[in-house]
Amino acid sequence: MCGIVGYLGNRKAIPIIMEGLKSLEYRGYDSSGIAYFKDHKIEVIKKEGKIQNLDALLNYDEDTFMGIAHTRWATHGKANDLNAHPHTYGKITLVHNGIIENYEDLKKALFAKGKHFESETDTIVVACLLDELYEETRDMLKAISLLMQKIQGSYALAILCKDETDTLYAVRKDSPLIVGVGENETILASDIPAILGVTKNYYLLNDKEIVQVKKNKVTIYDEHLNEVLKETKTYQGDLEVSSKKGYEHFMLKEIHEEPEVLQNLLLKYTKEDKIREVFDITPYKNIEIVACGSAYHAGLIGKYYLETYANKKTTVTYASEYRYQKHFFDKENLVILISQSGETADTLAALKLAKENGIDTLSIVNVRDSSIARSSKYVFYTDAGIEVAVATTKAYFAQVIALILLALNTVEDRASYLASLRKLPSFITKYIDSFDYESYAKRLATCEHIFYLGRGIDYALAMEGSLKLKEISYIHSEAYPSGELKHGTISLIDENTGVIAVVMNEELKEKSISNIKEVLARGAKVLAITPIDEDFASSKILLTKEDAFLNPLLAIVPMQMLAYHVAKIKGCDIDKPRNLAKSVTVE
Ligand code: G6P
């Protein structure tokens with residue numbers, strides 16, 4: 001959600017900045033813009049829509065060696081050219097990721113002083129305020145430090161000042177920003193893929209740290225303007241993060257990476273019947289899982305394994321709800337935050353709330369050194385590698401496995417469970433290719449509504465299957481607990497409704513099958529995803545019957561593949577679905 005790039009160095013800035021900006025497209029955006037120095041003037045070019053619209057207006061050969069750029073995901077004010085970043089007021093031009101919560105009050109105060117702006121964004125208010133503070137202090141560092149005392153909310157800002165043609169500034173609080181340091185060049189960015197064209201080495205910034213970038217010098221200050229000395233980190237992963245490696249879409253590539261991701265997790269954390277280096281949840285009374293989106297769905301699967309195998313009472317709550325609900329904090333509980341990006345604003349806020357109340361926190365995070373990872377007491381990295389498609393697949397699966405390992409760590413007699421888990425990567429490899437997903441998808445793509453049904457763990461699986469389908473294919477879809485159907489939803493079912501039934505849980509199969517029959521009796525076509533080779537649906541993706549421990553996990557890839565193929569048939573922008581952002585850094 002919003003991407004920031006800033007560059008200062010000895011190479012022409014526009015190609016480098018734009019390469020970085022394009023690598024952040026996955027975050028989700030609806031307009032983009034760039035600002036750079038040319039002949040001591042700041043040029044600003046911005047455009048609604050895809051980055052290509054901006055690209056078409058740029059001269060890549062421009063003699064400029066410093067600039068800032070942005071992809072905007074509209075929050076305050078429509079997605080149009082005017083509201084796109086960068087924003088300029090007086091001598092200040094800046095880009096912003098985050099939300100300024102007190103911008104209305106600030107705006108009123110600035111209006112009262114006769115200041116006016118056309119853009120409806122919260123960001124223009126920051127530009128105006130910073131300009132005022134700069135005019136007062138004539139010192140950018142002081143002005144930025146004072147700005148932080150006045151603005152509330154979340155922000156990563158990259159800033160140019162008209163008076164300083166050789167300096168780039170940045171600051172962050174609760175929104176991501178890293179500082180890549182190359183040889184005689186520096187690149188600021190919201191995420192690692194954007195710096196890799198320049199360097200693998202980068203500084204992480206803590207909240208309220210200010211960066212001053214000059215030609216051969218990067219200086220970092222705390223909010224009181226004391227210099228902060230830091231070590232750089234080095235990115236260790238794959239440099240080809242922006243390549244689809246021959247796959248048509250990142251989502252398909254990432255599904256294909258699942259066997260390796262899971263294999264690596266199992267190799268790292270298990271040996272024979274032992275589990276190593278996995279956090280021990282035994283001392284805790286209850287587990288509270290907090291997450292958003294697919295990570296929340298992973299949490300629901302985790303609940304099943306933690307309750308069934310570790311005998312730990314587990315609750316799962318949306319982070320956006322957790323923040324504002326009534327709490328009965330209990331220091332004997334453990335709060336587990338799950339997040340692919342490690343930057344989700346609601347999850348981060350929930351983490352802070354739990355910490356403030358003295359509760360131990362464990363985060364299950366994919367992106368190393370992300371805000372959630374750095375703020376929680378304990379971390380379990382899923383190390384699924386960079387995920388580019390907005391619709392998560394491999395990172396979600398890795399979250400599920402991490403939760404299962406937490407559960408199994410408490411189980412003494414775990415050899416047979418581990419043996420089952422170790423079969424999973426080869427099943428996934430098989431299921432990616434085994435079924436004619438395209439032909440099932442052709443039928444589903446004609447439906448206006450698709451229901452996913454399941455009971456118990458199958459319902460948790462169905463929720464993620466349904467989310468995957470709707471987010472990338474734009475077909476309305478809902479997951480329902482099979483038993484709830486006749487309490488209302490069945491009135492929506494007719495011969496045009498698509499129904500996908502997840503029946504992986506053998507113990508509940510009779511109940512699930514009788515619910516499916518009720519749906520068939522209303523004329524709907526039911527596609528079952530199941531290892532049960534009986535005649536209870538219109539068609540079936542028939543999986544291998546394994547033990548009760550492994551069975552549920554076998555349904556995940558077929559559901560991901562189905563969603564992918566439906567979206568492909570419908571011609572959707574699979575990797576970058578409309579309105580969605582991969583990293584949701586605002587509340
Ligand atoms: C967004 C993404 C989802 C993701 C959710 C939580 O909505 O589109 O795929 O599950 O955020 O993100 P996180 O990074 O915290 O796992």
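A backbone N or O atom of Ala581 sits 3.1 Å from an oxygen atom of the ligand, a convenient place to start a tour of this predicted model. Taken alone, the ligand exposes 380 Å², and the protein buries 90% of that area. Two further short distances involve ligand oxygen atoms. A polar backbone atom of Gln340 is found 2.6 Å from an oxygen atom of the ligand, while for Ser341 the atom concerned is an N or O of the side chain, again at 2.6 Å from a ligand oxygen. Both residues belong to the group that comes nearest to the ligand, which also includes Ser294, Ser339 and Thr344; in total, 13 residues surround the ligand.

Turning to the fold, an open sheet of eight strands can be traced in the order E3-E2-E4-E1-E10-E9-E11-E15, with antiparallel pairing. Its edges are formed by strand E3 (41-48) and strand E15 (233-234), each of which pairs on one side only. In general, strands of a sheet pair through backbone hydrogen bonds, in either a parallel or an antiparallel sense.

At the E3 edge, E2 and E3 are joined by eight bridges in the antiparallel sense, with Tyr36 standing opposite Glu43 in E3. The two strands make a hairpin with two residues between them, and Asp39 in the turn has a positive phi of about 50°. On the E4 side, E2 pairs in the antiparallel sense over six bridges; here Ser31 has Arg72 of E4 as its bridge partner. Strand E2 is mostly covered, with seven of its eight residues buried.

At the E15 edge, strand E11 (residues 201-204) pairs with E15 in the antiparallel sense over two bridges, and Asn201 has Thr234 in E15 as its bridge partner.

Helix H1 (residues 13-22) lies across four of the strands, namely E1 (3-9), E2 (31-38), E4 (66-72) and E10 (185-189). The helix runs at about 25° to E4.

Elsewhere in the chain, Ser482 is found in the loop between strand E24 (476-481) and strand E25 (498-502). Is this loop residue, Ser482, buried or exposed? Ser482 counts as buried because its relative accessibility is 4%, and the cut-off for that class is under 20%. Leaving aside neighbours within four places in sequence, Ser482 is in contact with Leu453, Gly454, Arg455 and Asn515.

Terms used. Residues are numbered from 1 along each chain as its sequence is written. This is a predicted model: local features need pLDDT of at least 70, side-chain atom pairs count only at pLDDT 80 or more; totals for chains, interfaces and linings use all residues. Side-chain values use heavy atoms; hydrogens and water are left out. Two strands pair if DSSP finds at least two bridges between them. Contact means heavy atoms within 4.5 Å. Axes are lines fitted to C-alpha atoms, for helices over the stretch in contact, and angles run from 0 to 180 degrees between N-to-C directions. A residue is near a molecule or strand if one of its heavy atoms lies within 4 Å of it. A polar contact is a pair of N or O atoms within 3.5 Å; within protein, one must be able to donate a hydrogen and the other to accept it, and residues adjacent in sequence count only if both atoms are side-chain atoms. Accessible areas come from the Shrake-Rupley method with a 1.4 Å probe; for residues, only the protein chains shown count as cover. Buried means under 20% relative accessible area, exposed over 50%, partly exposed in between (1.4 Å probe, protein chains only).
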